[in-house]
Amino acid sequence: MKLSELFENVPDVEVKSLMADSRKKRPDSIFFCVKGMMFDGHQFVEQAIANGAIVIVHSEPIEHMHDDITYIKVRDVVAAFNKVADAFYGHPSRKMLMYGVTGTNGKSSIACIIRDIMNEFQPTGYVGTISIEYGSVKLPPLLTTPDIDDLHGILRDMVDAGMKCCALEASSIGIEQGRVDAIDFDVAIFTNLTHDHLDYHGNMQNYFMAKKKLFDNLKPEAVAITNVDDSYGLKITGNCPCRVVTYGIDHDADYRASNIQLLKDRTRFTLQAAGMEYEIETNLVAKFNIYNVLAAIAALNLKGISITQMMPLLKDIHQIEGRMQRINEGQPFNILVDFAHTPDGIEKVCQYASAITPKGKRIIAITGSAGKRDTIKRPVFGQILDKYCDMIILTEDDPRNENPREIAEQIASGIKDTNYVIILDRYDAIHEAIDLADPNDTIIILGKGDEKFIYREFGREPYEGDDTIAREVLKKYYFSEEDKNEAE
């Protein structure tokens, strides 16, 4: 593409790629001097040039300027990056029906439900914490909300692959850093707001304002869908320039669930919408998943899919990896794997575990807390687990460059009455829980969900995954011992 197609009053040179990370080799690229959390791109201009940049977009003065390099000074580098990336990749978000999902918990579940059901009607992609998926393509995740260049490139690939819709998770950090500023959202969904990412945002007000930007910037033709039961639900759409639609359980809403039945392997409820009632059944479990299903139903219904068309599909939604994922290898106790890594998320999983565990049986929890992330919530984790669980195993969870034992001890400081043990190796921790479990007990494995890596000091290290390990331990150890006992 010619640079003159992206900027005014510039040389007519050919550019082949965009660059924000100066370490990556990108021949004939435009380098954007983005100021990040830790580094300022202005400091790495020379490295970017060495790796192929022929155009530098900057907001601060550049000390050493090369004659054969084009320098473009702008007021806001991130705004310029968004505008250029959108144009460079051919405005891909304008060519698909774009669903954006934001909130502390539930983003992945709602986006995946939308993707799975919408796929029955039109080819639909997904970008988020779990993966990047479209058509037959499944790629590992980058960030929950990828960086500007990566995100527009992914959406372009989706358009080229024939996708007509995309469900995108919009994280608070991604919104705050302007990664979705040029995305043409048709529907935006708010799930809830609870304690998370305060190491980045500083306080709940800043966290709320970051999320709110997504709704403030919607086009008039878009639809904002919000959880009316959450204390932030109506506040977040207060200045929204488009139509606002609500969902909930406890308060009157456009899409409301009542007559709820929470079962071990499915959920039933009555949906009230537009003056009609529908008997909904889904294989997703726990009360919080009713909110996720309501949000997805509203989003799909408002864009042309009737509730009666959805009803048979809701009965058998694909297992959402690492989100209340039931591990069933024939063992006589429950095992649930969940991504819960916030106080609210952990409490909701514990509440569901309490609901399905018979009186006199135990809840055994395995959890940790990520290193270099929001340390003040660690004792709160301990308090919540202490309230609901009968045995707690504290283990590692993305320790980064923190000591995992010290992290576990900080969680343990909130535990007053429940027995706990620290087993730092996550495989050994899961093995121990399965070894301890009696019939009808419930094991909850929290924090990692579907992730196949652990962040350590040197970066990502491959990890089998909580679900894989649980199945492996059941097959290798639990049933082999059971078979041995039967033989004796």
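Two strands count as paired if DSSP finds at least two bridges between them, and strands (E, at least two residues), like helices (H or I, at least four), are DSSP runs numbered from the N terminus. This is a predicted model, in which local features need pLDDT of at least 70, side-chain atom pairs count only at pLDDT 80 or more, and totals for chains, interfaces and linings use all residues. Residues are numbered from 1 along each chain as its sequence is written, and side-chain values use heavy atoms, with hydrogens and water left out.

**Exercise 1.** Work out which strands stand at the edges of the open sheet of four strands, and follow the pairing inward from β1.

*Solution.* Begin with the order, which is β1-β2-β3-β4 with parallel pairing in an open sheet. β1 (17-19) and β4 (70-73) each have a single partner strand, so one side of each lacks a neighbour in the sheet, and these two are the edges. From one strand to the next the twist averages 20°, where axes are lines fitted to C-alpha atoms and angles run from 0 to 180 degrees between N-to-C directions. Finally, β1 runs parallel to β2 (residues 29-32), the two being joined by three bridges, and S17 lies opposite S29 of β2.

**Exercise 2.** Locate the partners of R256 on β12 and β14.

*Solution.* Strands of a sheet pair through backbone hydrogen bonds, either parallel or antiparallel. On one side, β12 (residues 243-248) and β13 (residues 255-262) run parallel and are joined by two bridges, with G248 opposite R256 of β13. Next, β13 pairs with β14 (residues 267-273) in the antiparallel sense over six bridges, and Q272 in β14 is the bridge partner of R256. β13 and β14 thus make a hairpin, with four residues between them.
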